[in-house]
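Let's take a walk through a protein together, one stop at a time. Keep the structure open beside you and turn it as you read.

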Amino acid sequence: MTSVHLGWTTETSLPVGVGYHGGFAAGWEHTLNQPAYFTVLSGFLACLTSAMLAVRVPRTSMVFHALRLCGVVSVIITGVVFNLLLRGPDVLTGVRWVNDTVLHVIVPILVPAVWLLVGPRGVITGKVVALSLLVPLGWLAVTLGRGPLIDWYPYDILDVPGMGYAGVGVYVGAILGGYLLLACLLWAVDRLLARVPG
């Protein structure tokens with residue numbers, strides 16, 4: 001909800017030194033653009049799958065488990081990437097501080113902790129890992145395809161006009177590699193915990 005509030009009340013601000021110049025005005029324009037931020041998308045996915053599990057725990061759909069895995073892995077990646085690569089020097093206050101703390105600190109810690117403690121167990125397979133990759137790959141395809149049309153990218157590490165596709169590719173490749181590594185790690189942990197008598 002804080003992201004919706006910020007979208008409604010503030011316009012986009014460009015990071016210093018980027019090669020793109022577009023943006024969105026406060027109100028509907030910026031609010032409807034919020035899912036373009038992977039932070040918002042991954043947080044929503046993690047919250048949605050958590051709520052679905054809370055309502056009805058037994059879930060057998062491979063698609064659901066892929067989305068769940070994607071949500072867990074993506075919020076971890078979001079926390080790591082934002083805090084290591086994207087966090088600026090600005091001191092945030094009010095709603096901005098709350099939004100930042102929840103999405104970039106609390107959710108990336110809380111969601112994997114709940115997954116570790118509650119599960120469900122024994123549901124991650126190689127197919128689930130592969131299927132889960134479709135979400136970040138789809139987001140990336142839309143983001144890079146849309147960027148030149150609107151002259152805007154959600155993060156400066158995706159600054160194609162400034163760094164070129166080769167420069168952006170270094171970040172993208174490292175993040176996707178980290179995603180796959182982390183997803184496989186969760187797969188291994190899931191298999192291990194599934195064997196523990198409960």
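## A walk from the cavity outwards

Our starting point is the lining of the largest cavity, to which α3, α4, α7 and α8 each supply at least two residues. Please keep in mind that this is a predicted model. How do we find a space like this one? Rolling a probe the size of a water molecule over the atoms shows where empty space is left. The count here comes to two cavities of 30 Å³ or more, and the largest cavity holds about 300 Å³ of space. It is lined by 18 residues, and the closest to its centre are Phe 38, Ile 77, Trp 139, Ile 157 and Ile 175.

Now let's look at two of the helices that help to line this cavity, beginning with α3. It has 18 residues and reaches 26 Å from its first C-alpha to its last, close to the 26 Å expected at 1.5 Å a residue. Which residues of α3 are buried? They are Phe 38, Thr 39, Ser 42, Gly 43, Leu 45, Ala 46, Thr 49 and Leu 53. Seen down the axis of α3, these buried residues fall within an arc of 160°, so they line one face of the helix. An α-helix has 3.6 residues a turn, so residues three or four places apart point the same way. On the face of α3 turned away from its buried side you will find the exposed residues Phe 44, Ala 54 and Val 55.

Helix α7 can be read in a similar manner. Its 17 residues, 134-150, reach 24 Å from the first C-alpha to the last, close to the 24 Å expected at 1.5 Å a residue. Pro 136, Trp 139, Leu 140, Thr 143, Leu 144 and Gly 147 are the buried residues of α7. Looking down the axis of α7, you would see its buried residues within an arc of 125°, so they line one face of the helix. The face of α7 turned away from that buried side carries the exposed residues Leu 134, Ala 141, Val 142 and Leu 149. Leu 137, also in α7, is partly exposed, with a relative accessible area of 39%. The C-alpha atoms of Leu 137 and Val 172 are 10.0 Å apart, although their positions lie 35 residues apart along the chain.

What follows α7? The answer is Asp 151, whose phi is positive, near 55°. Most residues other than glycine have a negative phi, and most peptide bonds are trans. Asp 151 has its positive phi although it is not a glycine. Its place is in the loop between α7 and α8, and at 29% relative accessibility Asp 151 counts as partly exposed.

Next, let's turn to the nonpolar core. In soluble globular proteins, nonpolar side chains tend to be buried together. The largest nonpolar core here has 39 residues, and those with the most contacts inside it are Leu 69, Val 73, Ile 124, Tyr 155, Leu 158, Tyr 179 and Leu 186. The elements that give two or more residues to this core are α3, α4, α5, α6, α7 and α8. The largest share, nine residues, comes from α4.

Tyr 179 makes a good place to pause. Leaving aside its neighbours within four places in sequence, Tyr 179 is in contact with Cys 70, Val 73, Ser 74, Ile 77, Ser 132, Leu 133 and Pro 136. One of these partners, Ser 132, sits in helix α6 and is buried, with a relative accessible area of 1%. With its neighbours within four places in sequence again set aside, Ser 132 is in contact with Ala 66, Leu 69, Cys 70 and Tyr 179.

Our last two stops bring us back to α3. Phe 64, in helix α4, is buried, with a relative accessible area of 6%. Beyond its neighbours within four places in sequence, Phe 64 is in contact with Thr 49, Met 52, Leu 53 and Arg 59. The C-alpha atoms of Phe 64 and Thr 49, 15 residues apart along the chain, are separated by 7.6 Å.

Finally, find Gly 119 in the loop between α5 and α6. Is Gly 119 buried or exposed? Gly 119 is buried, with a relative accessible area of 4%. Beyond its neighbours within four places in sequence, Gly 119 is in contact with Leu 53, Arg 68 and Val 114. The C-alpha atoms of Gly 119 and Leu 53 are separated by 9.5 Å, while the two residues are 66 residues apart along the chain.

Conventions. Residues are numbered from 1 along each chain as its sequence is written. This is a predicted model: local features need pLDDT of at least 70, side-chain atom pairs count only at pLDDT 80 or more; totals for chains, interfaces and linings use all residues. Side-chain values use heavy atoms; hydrogens and water are left out. Helices (H or I, at least four residues) and strands (E, at least two) are DSSP runs, numbered from the N terminus. The expected span of a helix is 1.5 Å times one less than its number of residues. Buried means under 20% relative accessible area, exposed over 50%, partly exposed in between (1.4 Å probe, protein chains only). The arc is that of the directions from the helix axis to the C-beta atoms. A nonpolar core is a set of buried Ala, Val, Leu, Ile, Met, Phe, Trp, Tyr and Cys residues joined through side-chain atoms within 4.5 Å. Contact means heavy atoms within 4.5 Å. On a 1 Å grid over the protein atoms alone, a cavity is a set of points where a 1.4 Å probe fits but cannot get out, and a pocket is an open set with protein on both sides within 12 Å along at least five of seven lines; lining residues have an atom within 4 Å of a point. Grid points are joined across faces, edges and corners, and a volume is the space filled by probe spheres set on the points.
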